[in-house]
Amino acid sequence: MSKKITTYLRENGRRREVTFQVPDDEPRRWGADELLRVVGQPIRRVDALEKVTGRARYTYDIELPGMLYGKILRCPHPRAKVISLDLRPAKKMRGIKAAIAWKEEALFAGEEVAAVAGVTKDIAEDAIHHIRVEYDVLPFVVDQDQAKNSRAPRVREEGNTQGPQIYARGDIQDGFASADLIVEATYTTPVVIHVPLETHGSVAQWNGDELTVWDSTQAVFSVRDALAQAFEMPKSKVRVIKEHTGGAFGSKLWMRDYTVIAAKLARQAGRPVKLMLSREEDFLCTGNRPSSVQQLRVGATRDGTLTALHLRSYGTAGITGGAGCSWPIRGIYRCENVKTEETDVFTNAGPACPFRAPGFVQGSFALESILDELAEKLEMDPLELRKKNYAEVDPVQGLPYSIKALAEEYEVGAKAFDWKRKWQPAHVKKGTSRRGVGLGTAMWFGAGAPPCHVEAVIRSDGSVTISCGTQDIGTATRTIMAQIAAEELGLDVGEIEVDIGDTESELYAPSSGGSQTAATVTPATRVALTNARNQLFEVLASKLGVASESLAIGDHRVLVGDDPSKSLAWADATRHLGRDIIVALGSRAPNPEGFSYRTFGAQFAEVEVDTETGQVQVLKIVSAQDCGRAINPLTVQGQIKGGIVQGLSYALLEERIMDREKGLMLNANLEDYKIAGSLEMPEIDSIIVDATDPIVNNVGAKGIGEPPIIPTAGAIANAVANAIGVRIRDLPLTPDKILMALEQQEKRAG
Amino acid sequence: MDQGQSKRVKRRGMSRRGFLKGLGSGVLASGFWHFGGGDSLLGNDQGERNTSLGPGEVPITLKVNGRSHTVKVEPRMTLIDCLRMKLHLPGTKPVCDRGECGACTVLLDGKSVYSCMMLAMDARGKAITTIEGLSSGDTLHPVQEAFIQHDGLQCGFCTPGQILAVTALLNEHPDPTDEEIRVGLSGNLCRCGAYPHIFEAVQTAAVSIRAQKK
């Protein structure tokens with residue numbers, strides 16, 4: 001059952017009353033001005049000690065008695081059929097305990113053809129070289145533009161393109177007709193790779209007919225369920241454990257072949273098998289952010305109001321679909337007339353996997369770029385243009401936002417950046433080093449949703465454990481769960497034990513993707529703690545002969561009525577449990593209907609371009625970002641700055657390079673595929689704007705993992721254009737492109 | 001990339017392993033092995049020409065975190081593999097195996113090295129410090145403490161390497177400028193992007209270490 005409540009929130013400096021339905025049995029929502037002791041504090045990460053001492057166990061570190069090392073033989077050709085495969089020379093080698101065949105056809109270079117397990121890593125790697133395999137190499141295509149040609153080799157029987165997938169609202173013909181100005185341009189982005197520092201891999205162990213797998217994953221239940229299906233076993237016989245994951249960013253959201261291969265090798269050998277991918281393998285086949293070619297057309301009236309937005313895009317996600325990037329155009333700014341047409345192009349290359357704000361990073365770069373091009377033609381401040389097209393209501397769903405703090409974010413961000421003084425219309429600047437500024441807007445989801453279950457245990461010695469089958473991938477899930485528990489029980493974070501990442505609990509939590517974990521798990525945690533506390537109070541009430549309503553939580557104490565002398569220290573209170581143990585469940589309730597739940601942010605970038613070398617140095621980035629209530633500002637800052645670093649890396653450094661003739665990835669290593677390092681770091685001023693959302697869930701929090709990566713590339717590209725007076729529409733913004741653009745600019749001028 | 005022997009590619013002549021085996025067991029006990037130029041490939045710390053070792057496992061002694069360990073390693077075994085798999089010290093993390101990322105950083109006589117780019121044999125006679133050896137009992141090293149304080153980590157996989165790189169940096173530059181910190185850590189990648197917090201941790205650790213030395 002649900003009931004209607006009225007409360008208020010603080011949005012863009014104003015107090016606003018809101019009325020909505022909440023479930024009856026939920027704890028009272030924490031409001032906008034809630035006085036909280038632990039939640040909202042910059043608490044140190046509870047697993048930081050393990051990580052700084054090397055005691056944290058990752059999948060890569062698991063060692064089991066009798067464990068073997070697995071290694072996969074991968075097809076070196078971009079398209080091939082396996083004509084013959086002879087495992088015997090490998091099987092005969094000393095130390096090799098299992099060998100299996102895998103795929104009979106490879107659709108990209110890197111697909112699994114066979115695998116072995118050996119007593120050492122080196123023996124397994126040696127054995128791979130002894131497998132005799134003969135391939136029939138088939139025609140292939142890895143270039144997306146070549147693949148679109150009807151005469152190109154078929155990647156899929158049905159053809160190399162899929163779509164277009166069309167979204168439309170209003171009428172773009174009318175929209176363009178009513179425009180005073182139309183700007184059209186094409187923007188391109190490359191395929192990029194997640195590059196988690198811990199590669200993908202699993203450890204598999206059979207115990208009779210029960211399978212236990214340690215996996216470097218973001219999704220223990222998804223992997224468990226997929227394994228049960230792959231082996232045609234009941235789910236109850238499969239257990240997936242993930243204590244720590246060394247980075248993921250979306251590439252570890254589902255079960256992969258190497259996990260099944262490890263389990264099959266383990267079954268054949270009768271011994272556990274650890275199969276971790278090499279860095280090169282990780283580059284080839286564990287996922288990517290697809291490329292994009294975005295043909296954008298925007299119409300506006302002279303005052304900057306957008307009248308029409310039209311996107312025609314395509315990109316390649318290798319052998320799968322997933323190259324869509326239209327969401328920013330559809331959903332960030334107000335525009336009545338929008339049409340997006342997205343096409344997938346198949347190529348013989350590794351399949352895509354969701355990568356931190358999938359689609360949004362590509363789409364935002366193009367959108368923010370064309371808005372600056374429009375602003376330039378209108379001779380308008382780019383920030384004013386964004387504000388002019390502020391969406392008061394969700395442009396796609398037509399629903400009111402629960403809360404939207406973007407106006408405040410534009411204001412505080414611009415002020416901290418000194419935008420008014422730093423922005424000047426692009427003009428031909430003089431000097432070798434030229435500075436420029438640009439901005440971009442972030443919008444993401446992250447409201448969380450059911451199902452999710454958390455268990456809270458209170459023991460007679462006062463110890464507390466909270467459990468959930470969720471994941472902490474560096475995102476501080478353990479810490480924020482402990483903060484919720486500490487808040488509800490009047491304890492410190494260090495006094496709460498947190499157990500996560502194990503399907504054996506059967507306490508379902510969704511995969512840690514989409515920035516949904518904090519907003520899904522913490523409200524369920526609050527419910528579990530509330531239930532546990534109520535149960536404790538019932539026990540105490542009967543033992544002490546008081547009404548349970550007279551009991552309350554104090555600072556490491558249980559308060560009894562108004563008499564302080566009657567209050568009990570926490571451990572004295574719990575001692576009344578005797579032999580009994582409190583075990584309480586809490587489930588995530590649904591989000592109230594009728595609202596659009598979003599987070600917002602604004603990023604401002606200042607760059608310096610060396611016109612002789614073409615190098616771009618990002619000097620400063622200011623971010624004003626919200627995530628509803630920031631449960632832990634310290635770890636939220638980590639996510640924001642980390643997202644910005646990845647966005648910068650995307651703007652300036654990263655691209656997968658394929659050899660068109662050989663169909664192979666040329667830069668499958670960390671030297672030739674560059675990710676941002678310490679020398680690329682700008683000064684980052686990150687402002688967390690409090691946009692506590694009492695509507696969305698009982699904690700008022702939303703996810704923060706993805707929003708910060710979204711606008712960074714657009715802001716940097718805009719800053720570069722502002723610096724040198726010429727626009728580069730192709731990422732990454734490498735020195736050669738800068739120099740070429742400058743040369744062309746000189747030619748046009750001269 | 002690793003690939004099986006395609007039938008279309010003939011098996012090469014004698015393998016290196018076969019050649020060495022063919023030299024006879026006498027070579028293992030005595031004899032010389034050196035390449036042109038007179039430099040010994042398998043020198044010890046006296047720089048003498050050496051007996052040849054391997055290709056099978058041979059016993060070596062390594063001094064790790066203040067203690068001596070005797071382990072059997074194949075000569076081709078890297079230091080990181082030896083630390084993780086023979087000495088069961090998994091704190092040093094493998095990421096690229098090519099000296100491109102710094103995650104495997106350990107200290108060798110106080111200087112930072114990439115343990116994936118070093119053979120275990122070549123670490124004989126040196127004082128090796130891994131992340132496990134940085135704290136003394138329950139007392140954390142100031143760099144570890146600073147990383148916790150400033151949240152200089154997220155997933156934690158690059159963290160041991162970063163901490164040791166910072167330790168080595170502060171050994172050489174006890175009062176580093178921002179530029180010296182950036183350059184000093186430019187050999188340690190962090191995909192989670194914790195660099196800004198790491199820089200803060202370095203400054204705090206520097207102050208803390210200088211204060212301790214007073």
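In this predicted model, A:Pro164 lies in strand S9 of chain A, which spans residues 161-169. The peptide bond that leads into this proline from A:Gly163 is cis, with omega near 10°. A cis bond is also found from A:Leu731 to A:Pro732, where omega is near -5°, but A:Pro732 sits in a loop, namely the one between H18 and helix H19 (735-749) of chain A. The two bonds are set out below.

| Peptide bond | Omega | Location of the proline |
|---|---|---|
| A:Gly163 to A:Pro164 | near 10° | strand S9 (residues 161-169) of chain A |
| A:Leu731 to A:Pro732 | near -5° | loop between H18 and helix H19 (735-749) of chain A |

A backbone feature of another kind occurs in chain B, where B:Asn65 has a positive phi of about 50° although this residue is not a glycine. B:Asn65 belongs to the loop that joins strand S2 (58-64) to strand S3 (67-73) of chain B.

Helix H18 of chain A, which covers residues 712-724, packs against helix H10 of chain A, residues 360-378, at an angle of about 35° and with the two axes 7 Å apart. The crossing of H10(A) and H18(A) is right-handed. On the H10(A) side the contact is made by A:Phe365, A:Glu368, A:Ser369 and A:Asp372, while H18(A) contributes A:Ala713, A:Gly714, A:Ala717 and A:Asn718. Sorted by class, the residues of this contact comprise 3 nonpolar, 3 polar and 2 charged ones.

Turning to the interface between the chains, 57 residues of chain B are in contact with 70 residues of chain A. The accessible area lost when parts come together is often used to give the size of an interface; here chain B and chain A bury about 5,500 Å² between them, and 55% of that area is on carbon and sulfur atoms.

Polar and charged groups also meet across this boundary, with 27 residue pairs in polar contact, both members at pLDDT 80 or more, and with 7 salt bridges found by the rule. One of the salt bridges joins the side chains of B:Arg84 and A:Asp61, at 2.9 Å from N to O. On chain B, the elements that each supply at least two residues to the side touching chain A are strand S1 (5-6) and helices H3 (79-86), H4 (142-149), H5 (159-172), H6 (178-184) and H7 (195-213). By class, that side of chain B has 25 nonpolar, 15 polar and 17 charged residues.

Definitions and conventions
Residues are numbered from 1 along each chain as its sequence is written. Chains are lettered from A and ligands numbered from 1 in the order in which they are written. Side-chain values use heavy atoms; hydrogens and water are left out. Contact means heavy atoms within 4.5 Å. Buried area is the accessible area (1.4 Å probe) that two parts lose on being put together, summed over both. A salt bridge is a side-chain nitrogen of Lys or Arg within 4 Å of a carboxyl oxygen of Asp or Glu. A polar contact is a pair of N or O atoms within 3.5 Å; within protein, one must be able to donate a hydrogen and the other to accept it, and residues adjacent in sequence count only if both atoms are side-chain atoms. Helices (H or I, at least four residues) and strands (E, at least two) are DSSP runs, numbered from the N terminus. Ala, Val, Leu, Ile, Met, Phe, Trp, Tyr, Cys and Pro count as nonpolar, Asp, Glu, Lys and Arg as charged, and the others, Gly among them, as polar. Axes are lines fitted to C-alpha atoms, for helices over the stretch in contact, and angles run from 0 to 180 degrees between N-to-C directions. A crossing is left-handed if the near helix is turned anticlockwise from the far one by less than a right angle, and right-handed if clockwise.
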